[in-house]
Amino acid sequence: MENIDKKLREEAKRLLEEKKVGVLVGYETGTLPLTATPCFITNPEDAEKLVWNAFCTQNLAKFVHDLISQHRESQKRVKPEDRKKKIVGVVARGCTTRSIVLHLQERQYGRDEVVIIGVPCTGYVDGKRLSVLAGGDDIREGSLEGDQLLVKTTAGEKRIPLQDALAGNCLTCRFNNPVLSDLMIGAQAPPMKPEQEYTEIEAFENLPTAERWAYFTKEMNKCIRCYACRQACPSCYCNTCFVEQSQPQWVGLGEDATDTQVFQLMRLFHMVGRCVDCGSCVSVCPMGVDLRKFLKKIDKDVFELFENRAGSSLEDTPPLSIFKEHDKEDFIFNP
Amino acid sequence: MEKRLIKKEALTGIIGKIAADTTVCAPVKVEDNVLFKVLEKGDEPLVTFANSKNAPKNFFFPRSEVMLRYTRTTKGMEFSGGEKEVGEAVLFGVRPCDTRSFVLLDMLFDQEKYKDPYYIDKRQKTTIVSLACAHPPYAACFCTSVDGHPVSSAGADVLLVDLGDQYLAEFVTAKGEKLLKYFGDAKADTAADEKKEAIAAQAEQEIKSHIPAKAIKPILDVNFEHPFWNTIYQKCLACGTCTFLCPTCHCFDINDEMKDGDGRRLRNWDSCMFPMFTKETSGHNPRTSQKERWRQRAMHKFKYYVDNFNAIACVGCGRCVKYCPVNTDIRKIVADISKL
């Protein structure tokens, strides 16, 4: 990994020095053990902070969208002939590039406004899973040695196989190498286990309706409406979320279970053909709501109905933006 | 002050006995989380745990609360009270940082000028049994930097200290003494007091995070406009994790819900991290971006609350540090402000 970091820093520094990008979004080491956190670099010297490792969790495409739309908003006050483009560089793994593809398909920004530094990915550590594996005790120190996580907690030292701590979406990831990039750093990552992508979902689908509903309500009851899922999601970029609209008010803001379910259901359905399974919503959720179960089900349906995997190719048209003669419609007439 | 010694294995039984007589709210393991919740049949209260994920403030200041109900009739509006009458309750196993949060929240909700009946009613009817941190649970704990202590009884009615082989129970207030009957009659001797002092000193040593929280107030006083504020907000997701898990955050929003002539007025948690925070009816928002909202968070905790109540609105529990999805670390922000 050290070689990747070195190369990444060199390339980032070069892009900034040559003014190919105005800002570069990447990851730096976090203040807690075994964490990394998004960082924004404008000064070439600061490129030294960049890291790329198994603790880089967030899908950074969210920030690309934020930065470009904020910039465009600020340019509204500038005379048209003086307006400048802001070019954002981003360190992107497979799922991040899928989100960028999705943004491009949805005409959110131009291909020339983003410079993609592609990085290979072998999965990231799910902090909540790691905490459980560490016995629930506070992690005081930690390091990654080969394929083992060396974790020092209040209860003592523990060795945890990295594989066991990886996020669920990473284990069965189909696109762990960038689908689109301007430059690549490091060698292609070996494949994960995409053939098992829907194993969990098939088991879930086979449960009786009452059990699936019970699971849904149980998970939704954990939600505290902090909106971390929505905020972390690169596909959730509505200017004003329907939850925050007040005329009319679509959904109550209190603790009623139905209101929480409506928020989550609307978000889930807004992800049809748009979820890249980056796992950001799951990783940020403070309460551990299993959002992925439902998102992955939607992903499976979209693939079966329209043979589409969100953001996997720039040539595709998002499935809900196009009509094809042979589109299945029995789910409308005969659900 | 009355003091008792109880056997370690007796504690769970004592909680059970109290729960048989009154509502008890205690930390319980729910799937992978430790949560403060009202004990129901089958719940096992935890006596060894780090700290709960949600803060016990929820019990006095819930995420959503009905303030009043109304019905439109031919004779005009008819109003009725909010939540049904709350009864006596015991909050069990509150960590000293969180008990201190009640002291801080009292300053706001129960002050001379303004009395918040919803908060005060529950607060007065609730007895708080605190469980001292013989070993502060998190590396992110920094209570000693904000006037707290891992073995402090501030805000508690009863303080339990793990002496190793038994618990020392100190009945700090008259309200706490009402629970005496559950704790047997083994009075504590001076040896127990000495042991407690040693544990307290050791626990203080074990706090590894120290931040200059008290030094930054004069710096904040003169730096409302400073380029520093441009550097902390960019990665913030604008979610409510930090404020919703915080034991001292208390911003709320009032909102009416009405259907077919029946309505209710709700008080819901708000968060300075939300883009809707302080947005006005006109559509104007004086805090236009996450930069202004982050400044508000830092200022509210370390300046405005000090201005108003002479106390920092942070108890150093470390929740926001541990659970922020993008590792925005308040300890680092405070340290950076101290160097401005």
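Me: Before we start, what is a polar contact?
Reply: Happy to help! A polar contact is a pair of N or O atoms within 3.5 Å; within protein, one must be able to donate a hydrogen and the other to accept it. Keep in mind that this is a predicted model.

Me: Thanks! So how many residue pairs are in polar contact across the interface of chain A and chain B?
Reply: The rule finds 17 such pairs there, with both residues at pLDDT 80 or more.

Me: And which elements of chain A give two or more residues to the side that touches chain B?
Reply: Those are strand S2 (36-41), helix H2 (61-75), helix H8 (209-222) and helix H9 (228-232) of chain A. By class, that side of chain A has 15 nonpolar, ten polar and eleven charged residues.

Me: How many salt bridges does the rule find across this interface?
Reply: Five. One of the salt bridges joins the side chains of B:Arg264 and A:Asp256, at 3.0 Å from N to O.

Me: What area do chain A and chain B bury between them?
Reply: About 3,000 Å², with 53% of it on carbon and sulfur atoms. The contact takes 36 residues from chain A and 36 residues from chain B.

Me: New topic: in what order do the strands of the sheet in chain B come?
Reply: Its seven strands run S1-S9-S8-S7-S6-S2-S3 in an open sheet with mixed pairing. Strand S1 (2-7) and strand S3 (33-38) of chain B each have a single partner strand, so one side of each lacks a neighbour in the sheet.

Me: Which way do S2 and S3 of chain B run, parallel or antiparallel?
Reply: Antiparallel, with six bridges joining strand S2 (residues 23-30) to S3(B). As for partners, B:Val28 has B:Leu35 as its bridge partner in S3(B).

Terms used:
Residues are numbered from 1 along each chain as its sequence is written. Chains are lettered from A and ligands numbered from 1 in the order in which they are written. This is a predicted model: local features need pLDDT of at least 70, side-chain atom pairs count only at pLDDT 80 or more; totals for chains, interfaces and linings use all residues. Side-chain values use heavy atoms; hydrogens and water are left out. Contact means heavy atoms within 4.5 Å. Buried area is the accessible area (1.4 Å probe) that two parts lose on being put together, summed over both. A salt bridge is a side-chain nitrogen of Lys or Arg within 4 Å of a carboxyl oxygen of Asp or Glu. A polar contact is a pair of N or O atoms within 3.5 Å; within protein, one must be able to donate a hydrogen and the other to accept it, and residues adjacent in sequence count only if both atoms are side-chain atoms. Helices (H or I, at least four residues) and strands (E, at least two) are DSSP runs, numbered from the N terminus. Ala, Val, Leu, Ile, Met, Phe, Trp, Tyr, Cys and Pro count as nonpolar, Asp, Glu, Lys and Arg as charged, and the others, Gly among them, as polar. Two strands pair if DSSP finds at least two bridges between them.
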